[in-house]
Amino acid sequence: MHAPYRIGLLGLGHVGGALARRLVDDADRITGAAGRPIALEAISVAHPERRHAPAPLVSSTQLLAHSDLDAVVEVMGGLEPAHTYIRTALQAGRQVITANKQLIAAQGPALARLGPLRFEASVASAIPIVETLAETLASDRIRAVTGILNGTTNSILQAMGEGAAYAQALADAQRRGLAEADPSADVDAHDPSAKLAILAMLAFHRRIDPSQIERVGIRDLRHADLRNARERGCIVKLIAAATSLNGNGIEADVRPRLIPRDAPLARVDGAMNAIAVDAAYAGALFLQGPGAGPDAAASAVLADLVRAARDIPASAGALLASLADQPIAMIAPLGSNAPYPAAS
């Protein structure tokens, strides 16, 4: 048996807690998958005096200074202090596994050039799209990626399609833990635009500034828009889509679109996510699964941990690192290349 793969965990919220439980409850299965035990050596939380945990609770400074760690797992979210912590860990020679979509979208290439960076959980949680694009399809030519990348808005739109008012559907999503008290990241499409930026970088091998992706959220959708969609044999979904224009730029945006009822994306319900990939050689691919929830996100983080423990190269991180010195790609909203018409 190889020596344990020692990790430190930054954050013990919903995702961090689910990961810590998996490491304990499924220890034998994880050891078999990784070829050695994965040992949780330390956890950093904001208020350690208030928590019980399966490993010693320490400050972030103590965790990052821990000389025996092989990897640091960041599940805090947000840009800072997560950016500083990840940079510090990479510069110290640690591998880093993160679920932080905002940070990877904004700073992924610059961070990835510092060391092995893994981020499968940053897009669509349990759907293995990150390494699929970076490794399985690395030699293919990706023409387009299209998807439902936000389970909260998908759930809200489904409820509105069944007759609920926007405020009622949002309140229900908040009650069920699908939406935050401040839902702007979801309903104003910041969340799916960050995920789309990551997918576009991996698919098209171009450096993307997520702020350049035009986004239209769902706040202003009216029941009349949904009724008009039904009359046309469609339903409304918040679609994130990007297309490569054969070396002549990229078109990308996030907005409500009309999806024909017989299209696969129309059958993606509730908090599920789905991603369609149009590849020149592999053809049309469609991946669907849970896009939110602690267990789904922890599953993706654990997949990265197993790859790290087995010394499998961080393909997605290496791809982003190769983009660090590129100029930022110019992005225009989708025009005639849009997969589906806009809803309003």
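This note goes through some helix contacts and a few single residues in a predicted model.

1. **Helix α5 against helix α10.** Start with α5, residues 101-112, and α10, residues 190-204. Their axes come within 8 Å and cross at roughly 40 degrees. The two helices are therefore oblique to each other. The crossing of α5 and α10 is left-handed.

2. **Who meets whom in that contact.** From α5 come K101, Q102, I104, A105 and P109. From α10 come D191, A194, K195, A197, I198 and M201. By class, the contact of α5 with α10 holds seven nonpolar residues, one polar residue and three charged ones.

3. **Helix α6 against helix α10.** Helix α10 also has α6, residues 129-136, as a partner, with axes that come within 8 Å. Here the crossing is at roughly 15 degrees. Angles under 35 degrees count as roughly parallel, so α6 is roughly parallel to α10. The crossing of α6 and α10 is left-handed.

4. **Residues between α6 and α10.** On the α6 side, look at I129, V130, L133 and A134. On the α10 side, they meet L199, L202 and A203. What classes do the residues of the contact of α6 with α10 divide into? Seven are nonpolar, none is polar and none is charged.

5. **The buried side of helix α11.** Helix α11 covers residues 223-231. Which of its residues are buried? They are D225, L226 and A229. These residues cover an arc of only 95 degrees around the axis, so they sit on the same side of α11. A general point helps here: an α-helix has 3.6 residues a turn, so residues three or four places apart point the same way.

6. **What α11 packs against.** The buried residues of α11 have three partners in the fold: helix α7 (151-161), strand β9 (234-244) and strand β10 (250-260). Just after α11 comes G233, which takes a positive phi of about 75 degrees.

7. **L226 up close.** L226 lies in helix α11. Its relative accessible area is 5%, so L226 is buried. Leave aside the neighbours within four places in sequence, and L226 is in contact with M160, G161 and V236. How far apart are L226 and I198 in space? The C-alpha to C-alpha distance is 30 Å, with their positions 28 residues apart in sequence counted as separation. I198 is one of the α10 residues that meet α5.

8. **N154 in helix α7.** Helix α7 is where N154 sits. Is N154 buried or exposed? Its relative accessible area is 1%, so N154 is buried. Without the neighbours within four places in sequence, the contacts of N154 are I148, K237, V268, D269, G270 and M272.

9. **Q62 in helix α3.** Q62 belongs to helix α3, residues 60-64. With a relative accessible area of 49%, Q62 is partly exposed. The class of exposed residues begins over 50%, so Q62 stays in the partly exposed class. Q62 and A42 are 20 residues apart in sequence. In space, C-alpha to C-alpha, Q62 and A42 are 9.0 Å apart.

How values were computed:
Residues numbered from 1 in each chain as written. Predicted model: local features only at pLDDT ≥ 70, side-chain atom pairs only at ≥ 80, totals over all residues. Heavy atoms only, no water. Axes fitted to C-alpha atoms, helices over the stretch in contact; angles between N-to-C directions. Helix = DSSP H or I, 4+ residues; strand = E, 2+ residues; numbered from the N terminus. Parallel < 35°, antiparallel > 145°, perpendicular 65-115°, else oblique. Left-handed = near helix turned anticlockwise from the far one by under 90°. Contact = heavy atoms within 4.5 Å. Nonpolar A, V, L, I, M, F, W, Y, C, P; charged D, E, K, R; others polar. Buried < 20%, exposed > 50% of the residue type's maximum accessible area, 1.4 Å probe, protein only. Arc of directions from axis to C-beta.
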